[in-house]
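Trainee: I should be grateful for a close look at one part of this structure, namely chain B and the ligands it surrounds. Please then set it beside the rest of the model.

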Amino acid sequence: MDLLERAPIELKSWFLNLLGSFGVPQGILSVLSAVIIIGTVIGVFLGLFALMSVMERKILARAQNRYGPNRVGFFRWRLFGLFQPVADGIKMITKEDLVPRTSDRAVHFLAPVVMMIPALLVLAILPYGRDMVPAELDAGILYFFAVGAGTEVAVFMAGWASNNKYSVLGAMRAIAQMISYEIPLVMAAIIAAMISGSLSPSAIVAAQGGFAWGFVPQWFVLTPWGFTAGLLFYIAALAESNRSPFDLPEGESELVAGHLTEYSGFKYATFFMAEYIGMFAVCGLLVTLFLGGWQAPLPFLTIIPSWCWFFGKVCFVAFTMVWVRATLPRLRIDHMLAFAWKFLLPMSFAAFLSAACWHYAGRGPLAWLLSLAIVGIPYLILGTAFTNRFAISRRTYQFSE
Amino acid sequence: MNIPGSGIIKGLAVTARNFLGSYVEKDRLTTEQYPEERPKLPENARSFPFLVFDGEDPEAGMRCVSCKICEKECPPQCIYIVQDRDAAGKAIKRPKVFDIDISVCMSCQICVEVCPFESIRMDQDYELSSFDRFGSLVLGKSRLLKSNTYYRNIHPTEAAETDARLEADRKKKEAAAAAKAAAAEKAAAEKAAKAAVEPEVKA
Ligand code: SF4
Ligand code: SF4
């Protein structure tokens, strides 16, 4: 079992040693080592993206009592339609690449690239397993948000360069949404960093290790403040990755496809890919911050390698995102912003306070109750006020009655 | 008191029930797996016209007499008929060419309504896609002619009516012929009788 646990690392060092024994110089070897890590991480996430693009459709279909894509296979073998991404890829690549005549060509071309780069860069700091962090940064969380903010620029570049009213409107919405939701997102992350006393993802995962009474995991999500912060992070992450119910920037019914309206072919595919990889990255951060990272949920389950746990959890979170997409309709733009500023932000402050009280009250049962009250009461008050404010009532028309 | 957020939980439960249920209860999934499963078309479903023939041989059993009424009535003018001629150049009651351009046909069924010889009827075949835009969408006689058995299969009620009408027509014709034959016989007999009587009178 230990062998499997360390298999990816061992494999890499075995390969490098092999090359070293052939007299490859040390400098090249260290570059090669980095290339192998980067290649593996990108490969895994591209694979996840391909899987997600077909599984998402299948899950959505099942939630609506349909089959979903089940045709594309390999020659005679259907394989439940799992080859759908291949067909999609071929279609995307062979499509015509349309660029509007009045567009800003250079920016139009750069936008998908700029979108892709931060999505890939943030993957560097996630701890994928025990001793498996591509880049061990002391301020990893800070790096994640600093680099991740680059996608906002890309979205606006895309909207602006297209020279299309829908694109600009979509991009404006996207910016408004991303900036509003960045705040609860960062607040929630700060809470986890605060409790574990470090901005390094590995340290945060380590702080969630071990089992209380020998079997209860110490994940942050299992405390009142951690649950709240985790949920806030989840909701903000949905908005950050433009997913339903916060997919307003691409609201088909009013904006065609928002900033993606003028994109086709491979550029569109790049956007799509970047969005999904960004989503996985944010899921990975959620898992790292609140769901115990690569830690196993029960002591005897530690025989399963840590990286399996990490990716299992990421897939689970991604599944819930699809589940939410199958359930909730799209919000209206003013509701969405009000939700961010009037509900999520105060709630994140409450969770912040609650975490602080939990820590200073000694992390015992009393601390538990206290922190529960600190998040529970504001939740009830704010939530009730919010539901009443936006309650659906009979609509009366001034002039028609 | 209603706990805020409970509506979302309820909604999630509904989708989860549908998601899991679709794996357990087969009759939740109403989708037809098209090429393997075929829909049972309702009797009145119609796609494009075809020509009915009786018996085994399409050419011999063809009901169409090339009267060209359908050609004249077709609103988008998608029927094209050339009458057949015998060796002497005399027109015969049979089409030599009968083409329907189904890329133009709008499935209005007017041709069926006007045909006095119960010859043209609506088909139910919908798998007519082809790799070229023009040639293979113009259906000639060979593709249009389909047997009466096929017609009975796809439109049982309508075919039964048509068959009954044709049968009645045939009976009427037979009766008329019989009556004519009887009358002719009678006339002949009378004539003979007259002829037989006359000499007697003479004598
Ligand atoms: S199909 Fe009917 S209407 Fe048309 S030419 Fe033949 S007999 Fe006449
Ligand atoms: S169905 Fe209508 S359009 Fe088609 S051939 Fe008959 S008359 Fe013409």
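**Chain B and its surroundings**

Mentor: In this predicted model, the elements of chain B run α-β-α-α-β-β-α-β-β-α-β-α-α from the N terminus on. That order comprises seven helices and six strands. Chain B has a radius of gyration of 30 Å, whereas the globule rule gives 17 Å for 203 residues, so chain B is more spread out than a compact globule. Along the principal axes, the C-alpha atoms of chain B fill a box of roughly 130 × 40 × 30 Å. Of the 203 residues in chain B, 32% are buried. Among the contacts in chain B with a separation of 6 or more, 66% join residues 24 or more positions apart.

Let us turn to the ligands. Ligand 1 is surrounded by 13 residues, of which B:Cys64, B:Cys67, B:Lys68, B:Cys70 and B:Cys115 are the closest. By class, this shell holds 10 nonpolar residues, two polar and one charged. Around ligand 2 stand cysteines including B:Cys74, B:Cys78, B:Cys105, B:Cys108 and B:Cys111. The prolines B:Pro49, B:Pro75 and B:Pro76 also belong to the surroundings of ligand 2, together with B:Ile79, B:Met106, B:Ser107 and B:Gln109. The shell around ligand 2 has 10 nonpolar and two polar residues, but no charged ones.

The nonpolar cores complete the picture. In soluble globular proteins, nonpolar side chains tend to be buried together. The largest nonpolar core in this model has 95 residues, and those touching the most other members are A:Tyr128, A:Tyr181, A:Phe233, A:Leu289 and A:Phe290. Helix 11 (residues 265-289) of chain A supplies the largest share of this core, 14 residues. At least three residues of the core come from each of domain 1 (1-94) and domain 2 (96-386) of chain A. A second, separate core of 24 residues includes B:Cys64, B:Ile120, B:Leu137 and B:Leu144. B:Cys64 thus appears both in this second core and among the closest residues to ligand 1.

Within chain A, A:Phe290 offers a detailed example. Leaving aside residues up to four places away in sequence, A:Phe290 touches ten residues' worth of neighbours listed here by name: A:Ala188, A:Ala192, A:Gln208, A:Trp219, A:Phe220, A:Val221, A:Gly226, A:Ala229, A:Gly230 and A:Phe233. In helix 5 (residues 140-148) of chain A, the buried residues are A:Gly140, A:Ile141, A:Phe144, A:Phe145 and A:Val147. These buried residues pack against several helices of chain A, including helix 7 (165-196), helix 9 (224-240) and helix 11.

How values were computed:
Residues numbered from 1 in each chain as written. Chains lettered and ligands numbered in written order. Predicted model: local features only at pLDDT ≥ 70, side-chain atom pairs only at ≥ 80, totals over all residues. Heavy atoms only, no water. Near = heavy atom within 4 Å. Nonpolar A, V, L, I, M, F, W, Y, C, P; charged D, E, K, R; others polar. Core = buried A, V, L, I, M, F, W, Y, C linked by side-chain atoms within 4.5 Å. Buried < 20%, exposed > 50% of the residue type's maximum accessible area, 1.4 Å probe, protein only. Helix = DSSP H or I, 4+ residues; strand = E, 2+ residues; numbered from the N terminus. Domains from an automatic or database assignment. Contact = heavy atoms within 4.5 Å. Rg over C-alpha atoms; globule rule 2.2 N^0.38 Å.
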